[in-house]
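Subject: Structure handover

Hello,

Here is the structure I said I would pass on. My notes follow below it.

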Amino acid sequence: MHKSPATLALEKRRDQLTPHLVQLSKHAWLSVAEDVSNVGMIVGKDGIVLIDTGMIPDCAHRTLEKFREIAPADSLPIKAIIYTHGHGDHTGGSPVFCAEGDRPEIWARDNFGSEAAPFERAGLMPLFKARGAMQGGFQLPLEKRICNGIAPIRYPRAGGAVFSGKTGAVMPDHFFNGDSTSLIIAGVELWLFATPGETDDALSVWFPAEKVLFCGDDLYRSFPNVYPVRGTGNRDIPAWCSSLKLMTELEPDVLAPGHTDPFLGREAVHEVLSNYREALEYVYRKTIEGMNAGKTPDQLAEEVRLPEHLARLDCLTEFYGNVSWTVRNIFGSLVGWFDGNPLHLATSFTPREEARRILAMAGGEGALRRKARTALEQGDAPWAARLADHLLTLAPDKKEYLLLKAEALDALAESMFTATGRNYTLTTAQNLRKRAQNL
Ligand SMILES: [Zn+2]
């Protein structure tokens, strides 16, 4: 089958996501793509400090083995682990590292886990776990996953989501509040900076002696993930931009992200930090301008695009974050669900009513089904899926329509760059097929 540009781009990205160890500076290393997240190591006088732990115990064992070839366990025990934020893909490997010797200090911000907290309080974790597993592609066979955009394919043992950093992780026991704090661990001076971005609880680790900055998930080689499809509250873009500015002002020689390869050399680091900030500021500004001009999220999602000089960059390609989802989340976070179209205030006009009328306009059920089939054959997968939705609204258990929608979603997924959206779409197709089989 002919491969789409999106598939080819994700395959190229997959090939960059093979496990490897990068020496960042004289005493700092980064284990890249062994696990879902990267794991950093700083070697001190009488011990080592780890930045994040990855998610999966088997991967954590392999990472630790690699680190121990450089820093032997008997003379250099793990003195501390620092969590850059409270996502499970950065914390779930901690039991492996904590089991090696004496329990290390575990550092985090005092609002650690703040993103998941409202959903835990609301009792919404079943929904987030289900959607998290769909965006992660955990139920998909290997050949359908390619890669996760910023991470290699891994299957968590329980098949669960990685949303909450508290699941299966050793909890932090050292916290800092305020903007920053300095520490001496294993004879190494480190600074922790509060850098809210992808999450409010994010921190960056600054190793000033060698000018290495570990920035967690505030930056990696993809357009930033302002809206994950599993769902999230607000991700504060102005605060995120301030964090990127702070990172720039430190003038790092090396930038070690929570996923994907590090950036080496002061110029390269400066450039990526500037471009990232410009992209976020641009999308935010354009969305706000459009909102004030009375535009709806649908209109803005279509209109707001990165300028060409940013869109063509590898580190801003929509492998993981997505510009139009960002636009919708800015709108929704600031204004709520009402898009400004008064038709959506009326509750009498239902999807069933619309489907009935579309069906009549098309010339009946058979005619609409044929139009959907033709759209699919002509490569117009979104339209085929839309028409299949109308058919399913009126006949939710009709096997033929379930299979038609599944086929349309598979074709649609083929054109999607953003791995999480692609996984979600393919998983939905798989679920529709399962439902059809069980009828
Ligand atoms: Zn992450």
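Helix α8 (residues 237-249) and helix α9 (residues 266-292) have axes that come within 10 Å and cross at roughly 165°, and therefore the two are roughly antiparallel (an angle over 145 degrees). Axes here are lines fitted to C-alpha atoms over the stretch in contact, with angles from 0 to 180 degrees between N-to-C directions. On the α8 side, the residues that meet α9 include W240, L244 and M247; on the α9 side, L273, Y276 and L280 are among them. Contact means heavy atoms within 4.5 Å. The residues of this contact divide into 10 nonpolar, two polar and three charged.

This is a predicted model, in which local features need pLDDT of at least 70, side-chain atom pairs count only at pLDDT 80 or more, and totals for chains, interfaces and linings use all residues. Residues are numbered from 1 along each chain as its sequence is written, and side-chain values use heavy atoms, without hydrogens and water.

The other item is strand β3 (residues 39-43). Five of its five residues are buried (under 20% relative accessible area, 1.4 Å probe, protein chains only), so β3 is largely enclosed by the rest of the structure. V39, M41 and V43 point one way from the strand, and G40 and I42 the other way.

β3 pairs in the antiparallel sense with β2 (residues 28-32) over four bridges, and likewise with β4 (residues 48-51) over four bridges; pairing requires at least two DSSP bridges. M41 stands opposite W29 in β2 and opposite L50 in β4.

Regards

Methods
Buried means under 20% relative accessible area, exposed over 50%, partly exposed in between (1.4 Å probe, protein chains only). Angles under 35 degrees count as roughly parallel, over 145 as roughly antiparallel, 65 to 115 as roughly perpendicular and the rest as oblique. Ala, Val, Leu, Ile, Met, Phe, Trp, Tyr, Cys and Pro count as nonpolar, Asp, Glu, Lys and Arg as charged, and the others, Gly among them, as polar.
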